[in-house]
Amino acid sequence: MGAAAQQPAATEPAASQEQPASAAPAQPAAGQQEEPDTLILSDTLNYNDATKESTFTGNVIMTRGLLTLHADTLVMSEDAQGFQHGVATVADSGGRVRVRQETPEKFEVIKAEGLRGVYNGKTDEIEMIGQAVVTKYVCGKPLDTIRGERVKYNQTTNVYQAFGGPQSSAQGGRVRSLATPSAKADAAAEACRKKSANG
């Protein structure tokens, strides 16, 4: 994903099994969107019913609605309100946690990578930590890219936060943001809209 993602082998190991994540959250309050189901593929699963914590290891692939995450290890937990939280990591320094989030109605795809990924189901935020890169694509074209030590984005509000540091993916430990004018993004989306309308 993004600029320098390493693609894992397309095949899944024979030992992979479908494992539903922890129980579905409590019913959402009025006006609050219900959390989608979560499907996780991995080589192994350790589940602690007392703490409601699941640890998935080995070629982990999590699908949650239109979000897909790839990692070596994923620890999922559930808070008292039934919201899911996750921490994804990679086993070696050359690997990256990779996240892909699609928004079909806008022809947008967000691709994110980092040494660690943290998901907060209550706030609908994903934070990439260490060598973090988040790129927005519209109709397949990379338009906006944010680099830093940490990059956090909210899937609901589209609010981004970035922080520099010694593990920044930008030079000098800084935050680097490349933004494309909204007119270009609108034009790219319109081109996709016309293409899909023409079949």
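**Close-up 1. Phe 107 in the loop between β7 and β8 of the predicted model.** Phe 107 counts as partly exposed, because its relative accessibility is 22% and that class begins where buried, meaning under 20%, ends. The residue belongs to the loop that links β7 with β8, and its phi is near 55°, a positive value in a residue other than glycine. Most residues other than glycine have a negative phi.

**Close-up 2. Asn 59 in strand β4.** A positive phi also occurs at Asn 59, where the angle is near 50° and the residue is again other than glycine. Asn 59 lies within strand β4 and is partly exposed, with a relative accessible area of 24%.

**Close-up 3. The largest nonpolar core and its most connected members.** This core holds 23 residues, of which Leu 69, Leu 74, Val 99 and Met 128 touch the most other members. At least two core residues come from each of β4 (53-64), β5 (67-78), β7 (97-103), β8 (108-114), β10 (125-138) and β11 (141-154), and β5 gives the largest share, with five residues. Leaving aside residues up to four places away in sequence, Met 128 touches Val 97, Val 99, Ala 112, Glu 113, Gly 114, Arg 116, Gly 117, Val 134, Glu 149, Arg 150 and Val 151. A second core, separate from this one, is made of five residues, among them Val 138, Leu 143, Ala 185 and Ala 188.

**Close-up 4. The hairpin of β11 and β12.** Strand β12 (residues 160-163) pairs with β11 in the antiparallel sense, over four bridges, and five residues lie between the two strands of the hairpin, where Asn 158 takes a positive phi near 60°. The bridge partner of Arg 150 in β12 is Phe 163; the charged end of Arg 150 also sits over the ring of Phe 163, at 4.2 Å from its centre.

**Close-up 5. The aromatic pair of Tyr 153 and Tyr 160.** The count of aromatic pairs comes to one. The ring centres of Tyr 153 and Tyr 160 are 5.8 Å apart and the ring planes are at 20°, so the pair is stacked, given that planes under 30 degrees apart count as such. Tyr 153 is buried, with a relative accessible area of 2%, whereas Tyr 160 is partly exposed, with a relative accessible area of 29%.

**Close-up 6. Lys 111 over the ring of Tyr 137.** The charged end of Lys 111 sits over this ring, and its distance from the ring centre is 4.9 Å.

**Close-up 7. Salt bridges at Lys 52 and in helix α1.** The whole structure contains six salt bridges, one of which joins Lys 52 to Asp 49, with the closest N and O atoms 3.2 Å apart. Both ends of this bridge count as partly exposed, Lys 52 at 36% relative accessibility and Asp 49 at 48%. In helix α1 (residues 182-197), Arg 193 and Glu 190 are three residues apart and therefore separated by about one helical turn, and their side chains meet in a salt bridge at 2.9 Å, N to O. Arg 193 is partly exposed, with a relative accessible area of 37%, as is Glu 190, with 34%.

**Close-up 8. The network of Glu 108, Lys 136 and Asp 144.** Salt bridges with shared partners join Glu 108, Lys 136 and Asp 144 into one network, in which the side chains of Lys 136 and Asp 144 meet at 3.5 Å, N to O. Asp 144 counts as partly exposed, at 21% relative accessibility.

Methods. Residues numbered from 1 in each chain as written. Predicted model: local features only at pLDDT ≥ 70, side-chain atom pairs only at ≥ 80, totals over all residues. Heavy atoms only, no water. Core = buried A, V, L, I, M, F, W, Y, C linked by side-chain atoms within 4.5 Å. Buried < 20%, exposed > 50% of the residue type's maximum accessible area, 1.4 Å probe, protein only. Contact = heavy atoms within 4.5 Å. Phe/Tyr/Trp six-rings, centres within 6.5 Å; stacked < 30°, edge-to-face > 60°. Lys NZ or Arg CZ within 6 Å of the ring centre and 35° of its normal. Pairing = 2+ DSSP bridges. Salt bridge = Lys/Arg side-chain N within 4 Å of Asp/Glu carboxyl O.
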